[in-house]
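Trainee: I'd like to go through this one from the residues outwards. Can we have it up on the screen?

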Amino acid sequence: MKRSKNLYQTYILFCYSRYLERKYLYTLSWWYIGPMLVIYLAFVLKIGPSLMKNRPAYQLKTVLFFYNATQIICCVYLIIKMWNFSQWNLLNSQNCNMIYHTTERAAEFNDIASRIWFLKNCELVETGFFVLRKKQNQVSPLHLFHHIMVIILTYYCFHFLPG
């Protein structure tokens, strides 16, 4: 009797975790990521520079100040959330292996993961600011590779390696 109850509880937690995964943004498919990255590259490499060719560079000091301040605040917030989630020991992988044993932990993990995914998507705007400011020399192949790989690897880690 006890074994069947444990199996039932495990099944319920598994179903609930799958519901949470579908609910959050990081489970979006390649039908979202592929076009998003193609549009990103098209704007940064072709569309943006051609639009800015006959225009003066935009002065975005205030926008950049608020963008950078927001990024810093969000990153610090997420580091604190991850630190609390890992019970103040980020290097202890035992905490990550126990994620789906309680629905509260699963919900907390999915909340953190979706916020990280959203923040990493928002970081693509940074390259757009370079283009609008006519700082095309800052749009290096390494910069583009970094932003594309961060999106792909974040998606891969949160989608295919839960827990």
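Trainee: What does Met82 count as, going by its relative accessibility?

Mentor: Start with the place: Met82 lies in helix α3. For the classes, under 20% relative accessible area is buried, over 50% is exposed, and in between is partly exposed (1.4 Å probe, protein chains only). The value for Met82 is 30%, so Met82 counts as partly exposed.

Trainee: Before we go on, what kind of model is this?

Mentor: Residues are numbered from 1 along each chain as its sequence is written, and side-chain values use heavy atoms, with hydrogens and water left out. Local features need pLDDT of at least 70, side-chain atom pairs count only at pLDDT 80 or more, and totals for chains, interfaces and linings use all residues; this is a predicted model.

Trainee: Fine. How many helices does the protein have?

Mentor: Helices are DSSP runs of H or I with at least four residues, strands are runs of E with at least two, and the numbering starts at the N terminus. Along the sequence the pattern reads α-α-α-α-α-α-α. Strands come to 0, and helices to 7.

Trainee: And what share of the residues count as buried?

Mentor: The protein has 163 residues to sort by that accessibility scale. Those that count as buried come to 31%.

Trainee: Back to Met82. How far apart in space are Met82 and Phe109, C-alpha to C-alpha?

Mentor: In sequence, Met82 and Phe109 are 27 residues apart. In space, their C-alpha atoms are separated by 8.6 Å.

Trainee: Ile79 caught my eye too. What separation do the C-alpha atoms of Ile79 and Ile112 have?

Mentor: Ile79 sits in helix α3, and at 44% relative accessibility Ile79 counts as partly exposed. Ile112 is 33 residues away from Ile79 along the chain. Between their C-alpha atoms, the separation is 9.5 Å.

Trainee: Let's look at α7. What distance does α7 reach from its first C-alpha to its last?

Mentor: Helix α7 takes in residues 141-160, which is 20 residues. The expected span is 1.5 Å times one less than the number of residues, and that gives 28 Å for α7. The model comes close to that, with a reach of 27 Å.

Trainee: How wide an arc do the buried residues of α7 cover around the axis?

Mentor: The buried ones are His143, Leu144, His147, Ile148, Ile151, Thr154, Tyr155 and Phe158. They sit on the same side of α7 because the arc they cover, taken from the directions from the helix axis to the C-beta atoms, is only 135 degrees.

Trainee: Which residues are exposed on the other side of α7?

Mentor: We've just placed Ile151 and Phe158, for instance, among the buried residues of α7. Turn to the other side of α7 and the exposed ones are Pro141, Leu142 and Phe145.

Trainee: Which element gives the most to the largest nonpolar core?

Mentor: A nonpolar core is a set of buried Ala, Val, Leu, Ile, Met, Phe, Trp, Tyr and Cys residues joined through side-chain atoms within 4.5 Å. The largest one here has 15 residues, and Ile33, Leu37, Tyr40, Val44, Val139 and Ile151 have the most contacts inside it. Two or more residues come from each of α2 (30-52), α6 (125-132) and α7. With 6 residues, the element that gives the most is α2.

Trainee: How far is Phe130 from Val44 in space, C-alpha to C-alpha?

Mentor: Phe130 is found in helix α6, and with a relative accessible area of 14% Phe130 is buried. Phe130 and Val44 are 86 residues apart in sequence. In space, C-alpha to C-alpha, they are apart by 8.7 Å.

Trainee: What about Pro49 and Gln136, how far apart are they in space?

Mentor: Pro49 is in helix α2 and is partly exposed, with a relative accessible area of 26%. Gln136 is 87 residues from Pro49 in sequence. C-alpha to C-alpha, the two are apart by 7.9 Å.

Trainee: Last one: what value is phi of Lys134 near?

Mentor: Lys134 is in the loop between α6 and α7, and at 39% relative accessibility Lys134 counts as partly exposed. Its phi is positive, in a residue other than glycine, and lies near 60 degrees.
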